[in-house]
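Subject: Structure handover

Dear colleague,

Here is the structure I said I would pass on, with the sequence alongside. My notes on it follow below.

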Amino acid sequence: MRPLCLISIFTALAAGCGQVGFNPQDVPAEFALDPGRTEVPLAISGSFPLVRASVNGAGPFWFVVDSGTRVMMIDPGAAQQAGMSVLRKFGSVNAGGGRRTGVIGQVRVETLKIGQAEFRSFDAMVADMAPFRSQRAEKIMGVLGVSLFWKCRFTIDYPASKLILENFDRPFAQTGSKHRFMHRGDHLTISATIGRTPVSVLLDTGSGVGIEISEELAAKTPFLSGPDPGPEAMTATGKVRLKTGRVSATLALGPHRIKDPPVMISRNDLGFSASLGGEFFRHFAVTFDFRQSMLYLKRTSATPIKLTR
């Protein structure tokens, strides 16, 4: 049996919230970090950055740190252990094509702790993580979206396998390349080029692939090989068959160049031309600074970046 590929699953799941009127207060009312910086271990599973966090004193549970999703999501079992009551229950939502997502509900998080950092008083979404735990990401009990981190600077250091949280007033050595990101709806994007085509790229650490492009972009991009039928992917709405190939073009993101990279092609229902996932980011220490709307990409290796998927 061919393994499934997990791509953009949490981004798609969170996108369904708007259909049911889920308008959360998802930015923590308070953020406390004394002495101003904390480091915690990361587990990298299939290019997913996983961190342990306690919720309302329960846990700790494993969460994906997902820059492609805004809201926090938590599995019903973990929510129950944390003593949460579902404030609103939405049921499944329409994802198009007759497909439905899993159960979605709304809860209130009183405290979430990562290392010495504490996030207080915000809304989260209850979503069934079981379909994703049955694949390579078996530890997942939830997802930490970017709104959780809006009151701090955070770094996903893939090579060192650690997550770093810092107060904004703490000095920061701005090493590595610097990229201004934009807020496009609930998502973060940066500008890049594929060949001569400028593209708006979704930043999606919750995707296990390196580069995903839309069918529209694939249609006007030359390929060295493919596109061919690829693996099945587990998405928020079930399994879909992807296409894969290797483009005859260079991905350029500031000083970073990847010549003729492999790509996955999908419908990209969220409307982005391309996205960068964990297979790309695993080569960097990735820092998000929401006060400055800046992304920093730092490499410790001078070898060319090679993507396997």
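R70 counts as partly exposed, because its relative accessibility is 22% and the cut-off for buried is under 20%. The model is a predicted one, so please read every value here as computed from predicted coordinates. R70 sits in the loop between β6 (58–65) and β7 (73–74). Its C-alpha is 9.4 Å from that of V27, although R70 and V27 are 43 residues apart in sequence.

Strand β13

Strand β13 covers residues 162–166, and four of its five residues are buried, so the rest of the structure largely encloses this strand. What are its neighbours? Strand β3 (residues 37–41) pairs with β13 in the antiparallel sense, over five bridges. In that pairing, K162 of β13 is the bridge partner of P41. β12 also runs antiparallel to β13, and five bridges join these two strands. Here T155 stands opposite I164 of β13. β12 and β13 form a hairpin with four residues between them. One residue in the turn, S161, has a positive phi of about 55 degrees.

The second largest pocket

The second largest pocket holds about 340 Å³ of space. Its lining consists of 18 residues, and T155, I164, T175, A285 and K298 are those nearest the centre of the pocket. β12, β13, β25 and β26 (294–298) are the elements that give two or more residues to this lining. Which of them gives the most to the lining? That is β13, with three residues. By type, the lining of the second largest pocket divides into nine nonpolar, four polar and five charged residues. T155 and I164, which stand opposite each other in the pairing of β12 with β13, are thus also among the residues nearest the centre of this pocket.

Aromatic residues

The model has twelve aromatic pairs, counting rings whose centres lie within 6.5 Å. One of them is the pair of F119 and F149, which is edge-to-face, with 5.9 Å from centre to centre and 85 degrees between the planes. F119 lies in strand β10 (residues 117–127), while F149 lies in the loop between β11 (140–144) and β12 (153–157), so this pair ties together parts that are 30 residues apart in sequence. F119 and F149 are both buried.

F154 and F288 form another aromatic pair, and this one is stacked: the centres are 4.9 Å apart and the planes are at 10 degrees. Because F154 belongs to strand β12 and F288 to strand β25 (residues 285–289), the pair ties together parts that are 134 residues apart in sequence. F154 and F288 are buried.

The four residues of these two pairs belong to one aromatic cluster, which is made up of F31, F119, F149, W150, F154, F181, F288 and F290.

There is also a contact between a charge and a ring. The charged end of R299 sits over the ring of F284, at 6.0 Å from the ring centre.

Backbone points

Most residues other than glycine have a negative phi, and most peptide bonds are trans. The following places in the model depart from that pattern.

- A cis peptide bond joins D34 and P35, with omega at about 25 degrees. P35 is in the loop between β2 (30–33) and β3.
- A cis peptide bond also joins G226 and P227, where omega is about 0 degrees. P227 is part of strand β19 (residues 223–235).
- S47 is not a glycine, yet its phi is positive, at about 75 degrees. S47 is located in the loop between β4 (43–45) and β5 (48–55). With a relative accessible area of 6%, S47 is buried.
- S293, again a residue other than glycine, has a positive phi near 55 degrees. Its place is the loop between β25 and β26. S293 has a relative accessible area of 18% and therefore counts as buried, the cut-off being under 20%.

In short, β13 is paired with β3 and with β12, and β13 gives the most residues to the lining of the second largest pocket.

Regards

Notes
Residues are numbered from 1 along each chain as its sequence is written. This is a predicted model: local features need pLDDT of at least 70, side-chain atom pairs count only at pLDDT 80 or more; totals for chains, interfaces and linings use all residues. Side-chain values use heavy atoms; hydrogens and water are left out. Rings of Phe, Tyr and Trp (its six-membered ring) pair if their centres lie within 6.5 Å; planes under 30 degrees apart count as stacked, over 60 as edge-to-face and the rest as tilted. Buried means under 20% relative accessible area, exposed over 50%, partly exposed in between (1.4 Å probe, protein chains only). A charge sits over a ring if NZ of Lys or CZ of Arg is within 6 Å of the ring centre and within 35 degrees of the ring normal. Two strands pair if DSSP finds at least two bridges between them. On a 1 Å grid over the protein atoms alone, a cavity is a set of points where a 1.4 Å probe fits but cannot get out, and a pocket is an open set with protein on both sides within 12 Å along at least five of seven lines; lining residues have an atom within 4 Å of a point. Grid points are joined across faces, edges and corners, and a volume is the space filled by probe spheres set on the points. Ala, Val, Leu, Ile, Met, Phe, Trp, Tyr, Cys and Pro count as nonpolar, Asp, Glu, Lys and Arg as charged, and the others, Gly among them, as polar.
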